[in-house]
Amino acid sequence: MRLPRWMFPLHMVATRRASTVPVPVSAFVPACSAANPRSLQRLQEFVSRARRLFVIGGAGVSTESGIPDYRSEGVGLYARTDRRPMQHAEFVRSAKSRQRYWARNFVGWPQFSSHEPNSSHRALQRWEEVGNLHWLVTQNVDALHSKAGHKGVTELHGCAHRVVCLGCGVVSARQELQNRFVALNPDWKAQAGVVAPDGDVFLEDEQVLHFRVPSCEDCGGILKPEVTFFGDTVNKATVQFVHQRLAESDAVLVAGSSLQVYSGYRFLLAASDKKLPIAILNIGPTRADHLVELKVSGRCGEVLPLIQPF
Ligand SMILES: [Zn+2]
């Protein structure tokens, strides 16, 4: 099956050879009062000064599409549950862990894959089309920027809509694997609760026991979401590519990320080294607060559409 075009961000094209329980979106967005007008004005001035703006976004861009984040106070998955994301080494080492992971991912997929872009994604897509947005880096794996039509985007941690074979490296569509799961597990049923940022849901071990996981059709290798799991590192070529886009930029805006993960934070360190002006739009503190000239507390979905990208 050919992958839909939106699944392949521009830089990849150039370089690459069950039932669910709905949860209200507001459950995933941290409490926050509206950004004050003075902050908005300063953010507008910041964006207007840029000729080539580099934006790095995180979970806060997607929470308003109904995808929870891991870290937000009170509403993030860490705060609400004892679930923790899959570790890379465990996935590679343990067939049982892969079975549990894929069973849960299988159940969460229909809901996870149906999420739609929100006003943040649409605003940034417009910034790219008619404004000064030079490059966008997202730490999310939900493909919502691509679904919104964004072209110049790097998915720093991969994309849950793609599957990679750890044996031969072939990349396929996650939906195609869903069809194979269905064919292999015709009588297997489970309920999904809250779906995590990477499509994970919680299931009891008992439910997982009989779930059958296919391997690569070409080489028999292990199939893994094309997502950087915790404990793994971002592909060097991708990091290099993003550094190049950053070097072409003249200002950096962080949108909806606490930058706790080094893979994203490193670009803020690089921007600071280059003395690029940096602004942050986020609810709550971030790891880069000490590096910025402007910090705006607000929801991305409310603030970004108000800013003119020129
Ligand atoms: Zn393979």
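How many bridges join strand β5 to β8, and which way do the two strands run? Select residues 158-165 to see β5: 5 bridges join this strand to β8, and the two run antiparallel. Two strands count as paired if DSSP finds at least two bridges between them. Strands (E, at least two residues) and helices (H or I, at least four) are DSSP runs, numbered from the N terminus.

Before moving on, note that this is a predicted model: local features need pLDDT of at least 70, side-chain atom pairs count only at pLDDT 80 or more, and totals for chains, interfaces and linings use all residues. Residues are numbered from 1 along each chain as its sequence is written.

**Stop 1: the open sheet**

Stay with β5 and find Cys-165, which stands opposite Leu-223 in β8. Now add β6 to your selection. The open sheet has 3 strands in the order β6-β5-β8, with antiparallel pairing. Its edge strands are β6 (171-173) and β8 (223-227), each pairing on one side only. From one strand to the next, the twist averages 45° (axes are lines fitted to C-alpha atoms, for helices over the stretch in contact, and angles run from 0 to 180 degrees between N-to-C directions).

**Stop 2: strand β3**

Next, select residues 133-138, which form β3. A residue is buried if 20 or more other C-beta atoms lie within 10 Å of its own, exposed if 12 or fewer, and partly exposed in between, with C-beta atoms placed from the backbone. In β3, 6 of the 6 residues are buried, so the strand is largely enclosed by the rest of the structure. Strand β2 runs parallel to β3, joined by 5 bridges, and Ile-56 stands opposite Val-137 in β3. Strand β4 (residues 153-155) also runs parallel to β3, with 3 bridges; here Val-137 stands opposite Thr-154.

**Stop 3: Gln-139**

Go to Gln-139, in the loop between β3 and α8. Is Gln-139 buried or exposed? It has 23 C-beta neighbours inside 10 Å, so Gln-139 counts as buried. Two residues are in contact if their C-beta atoms, placed from the backbone, lie within 7 Å. Not counting residues up to four places away in sequence, Gln-139 touches several residues, including Gly-57, His-157 and Gly-264. Try a distance label too: Gln-139 and Val-61 are 78 residues apart in sequence and 9.8 Å apart in space, C-alpha to C-alpha.

**Stop 4: helix α12**

Now select residues 262-273, the 12 residues of α12. This helix reaches 16 Å from its first C-alpha to its last, close to the 16 Å expected at 1.5 Å a residue (1.5 Å times one less than its number of residues). Colour Gly-264, Phe-267, Leu-268 and Ala-271, which are buried. Why do they line one face of the helix? Seen down the axis of α12, the buried residues fall within an arc of 100° (taken from the directions from the helix axis to the C-beta atoms), so they line one face. On the other side, Tyr-262 and Asp-273 are exposed. Among the elements covering the buried residues of α12 are β2 (53-57) and β9 (251-255).

**Stop 5: where two helices cross**

Finally, add α11 (236-247). Two packed helices are described by the angle between their axes and the distance between the axes. The axes of α11 and α12 come within 11 Å and cross at roughly 35°. The contact is made by Val-242, His-243 and Leu-246 of α11 and Phe-267, Ala-270 and Ala-271 of α12.
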